[in-house]
Amino acid sequence: MSEYKIMVARQRKWMLYLLAIFVIGAGFTPYVQIFLGLLLGTSISFYNLYLLQKKVDLFGEAVTSNQKVKTLGTLSRMTAAILAILIAIRFDAYFHIIAVIIGLMTSYPVIMIDFALSNFKQSHKKEG
């Protein structure tokens, strides 16, 4: 398996862990509205991460085969984020809007933390 596909699998796994934590938080804490907002935002963030990873993979294949390069799907990811905000505004009794916004941004720290951890592990493999 290529290094890129391993990285994609790791990032998806971490996003699923976060989603599971938010489900548990919504079920067992008194902060249901906040955890539901985090769950909604992180679900859309996970979908956007999936779309981005798929588009980057297709982009890489197009570049290596000298084909025309398509867009990375920014409009579809922005539309999904807007949809999450509209759902949170419409059903404000169930979703905390700030938590939804924070949830929408969760894929970016996951990507950065995954990158830092993989670099840390690789640097220790080279030393040892």
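**Exercise 1. Charge distribution**

Determine how far apart the mean positions of the positive and negative charges of the chain lie.

*Solution.* The structure is a predicted model. The chain carries 13 positive and 6 negative charges. Taking the mean position of each group, one finds a separation of 6 Å.

**Exercise 2. Surface and overall dimensions**

State what area the chain exposes, which atoms supply 71% of it, and what the C-alpha trace spans along its principal axes.

*Solution.* The exposed area comes to about 8,900 Å². Carbon and sulfur atoms supply 71% of that area. Along the principal axes, the C-alpha trace spans about 50 × 45 × 20 Å. Of the 128 residues, 28% count as buried.

**Exercise 3. Secondary structure and contacts**

Establish how many helices and strands the chain has, and what share of its contacts between residues at least 6 apart in sequence joins residues at least 24 apart.

*Solution.* The count gives five helices and zero strands. Read from the N terminus, the order of elements is therefore written α-α-α-α-α. For the contacts specified, the share joining residues at least 24 apart is 69%.

**Exercise 4. Helix H1**

Compare the reach of helix H1 with its expected value, and identify which of its residues are buried and which helices they pack against.

*Solution.* Helix H1 covers residues 3-28, a run of 26 residues. From first to last C-alpha it reaches 38 Å, close to the 38 Å expected at 1.5 Å a residue. The buried residues of H1 are Val8, Gln11, Met15, Leu19, Phe22, Gly25 and Ala26. An α-helix has 3.6 residues a turn, so residues three or four places apart point the same way. The partners of the buried residues of H1 are helix H2 (32-64) and helix H5 (107-127).

**Exercise 5. Gln11**

Decide whether Gln11 is buried or exposed, and list which residues Gln11 touches beyond four places in sequence.

*Solution.* Gln11 belongs to helix H1. Its relative accessible area is 4%. The cut-off for a buried residue is under 20%, so Gln11 is buried. With residues up to four places away in sequence left out, Gln11 touches Leu49, Gln53, Val110, Ile111 and Asp114.

**Exercise 6. Annotated regions**

Give the residues covered by the UniProt annotation "transmembrane region", and describe the model over 34-52 and 97-117.

*Solution.* According to the unreviewed UniProt entry, the annotation covers residues 12-28, 34-52, 72-91 and 97-117. Residues 34-52 are 100% helix and 0% strand, with end C-alpha atoms 26 Å apart. Residues 97-117 are 90% helix and 0% strand, with end C-alpha atoms 31 Å apart.

How values were computed. Residues numbered from 1 in each chain as written. Predicted model: local features only at pLDDT ≥ 70, side-chain atom pairs only at ≥ 80, totals over all residues. Heavy atoms only, no water. Helix = DSSP H or I, 4+ residues; strand = E, 2+ residues; numbered from the N terminus. Expected span 1.5 Å × (residues − 1). Buried < 20%, exposed > 50% of the residue type's maximum accessible area, 1.4 Å probe, protein only. Contact = heavy atoms within 4.5 Å. Areas by Shrake-Rupley, 256 points an atom, 1.4 Å probe, with all protein chains shown as cover. Lys, Arg positive; Asp, Glu negative; His and termini not counted. Charge placed at Lys NZ, Arg CZ, Asp CG, Glu CD. UniProt positions renumbered as here; feature names shortened; annotations may be inferred.
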